[in-house]
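This briefing describes the chain shown below, moving from its overall surface to its individual elements. Please read it alongside the sequence and the structure.

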Amino acid sequence: MLEARGFVYRKYEATIPPAVTYGLTSRMDQMRPVLEQLDRLAGIWHEEDRRAGRLPAEAEVPAED
């Protein structure tokens with residue numbers, strides 16, 4: 001789906017064994033700020049839910065390095 005929508009490209013090489021390379025397109029680069037904002041908002045909501053005790057213990061997400 002991401003390839004069909006132009007967010008990633010796929011490069012196939014008919015070698016032995018076959019090689020497939022995926023990468024991001026400029027369209028995905030344009031989406032980066034939107035995705036980063038969604039990530040920030042999800043982090044804020046997660047922290048609010050954690051502090052309010054609305055998350056079960058197994059839902060805790062480890063901090064990123």
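The accessible surface of the chain comes to about 5,900 Å², and carbon and sulfur atoms account for 56% of that area. The model is a predicted one. Its chain contains one helix and two strands, arranged in the order β-β-α from the N terminus on.

**Burial and contacts across the chain**

- Of the 65 residues in the chain, 8% are buried.
- Contacts between residues at least 6 apart in sequence include a 3% share that joins residues at least 24 apart.

**The strand pair**

- Strand S1 covers residues 8-13, and strand S2 covers residues 19-24.
- S1 and S2 run antiparallel and are joined by six bridges.
- Within this pairing, Glu13 is placed opposite Ala19, a residue of S2.
- The connection from S1 to S2 is a hairpin of five residues.
- Pro17 is located in the loop between the two strands, S1 and S2.
- The peptide bond that joins Ile16 and Pro17 is cis, with omega at about -10°.

**The link from S2 to the helix**

- Thr25 occupies the loop between S2 and H1.
- Is Thr25 buried or exposed? Thr25 counts as buried because its relative accessibility is 18%, and the cut-off for burial is under 20%.
- Leaving aside residues up to four places away in sequence, Thr25 touches Gly6, Phe7, Val8 and Tyr9.
- One of these contact partners, Val8, falls at the start of the residue range of S1, 8-13.

**Helix H1**

- H1 spans residues 26-51 and has 26 residues.
- From its first C-alpha to its last, H1 reaches 38 Å, which is close to the 38 Å expected at 1.5 Å a residue.
- Where does H1 have a kink? The kink, of about 40°, lies at Arg32, shortly before the proline Pro33.
- Just after H1, Gly53 adopts a positive phi of about 75°.

**Points to locate in the model**

- In the hairpin region, the cis peptide bond between Ile16 and Pro17 may be located, together with the Glu13 position opposite Ala19.
- Further along, the buried Thr25 sits in the loop that leads from S2 to H1.
- In H1 itself, the kink at Arg32 may be examined, followed by the positive phi of Gly53 just after the helix.

Terms used: Residues are numbered from 1 along each chain as its sequence is written. This is a predicted model: local features need pLDDT of at least 70, side-chain atom pairs count only at pLDDT 80 or more; totals for chains, interfaces and linings use all residues. Side-chain values use heavy atoms; hydrogens and water are left out. Helices (H or I, at least four residues) and strands (E, at least two) are DSSP runs, numbered from the N terminus. The expected span of a helix is 1.5 Å times one less than its number of residues. The bend at a residue is the angle between axes fitted to the seven residues ending there and the seven starting there. Buried means under 20% relative accessible area, exposed over 50%, partly exposed in between (1.4 Å probe, protein chains only). Contact means heavy atoms within 4.5 Å. Accessible areas come from the Shrake-Rupley method with a 1.4 Å probe; for residues, only the protein chains shown count as cover. Two strands pair if DSSP finds at least two bridges between them.
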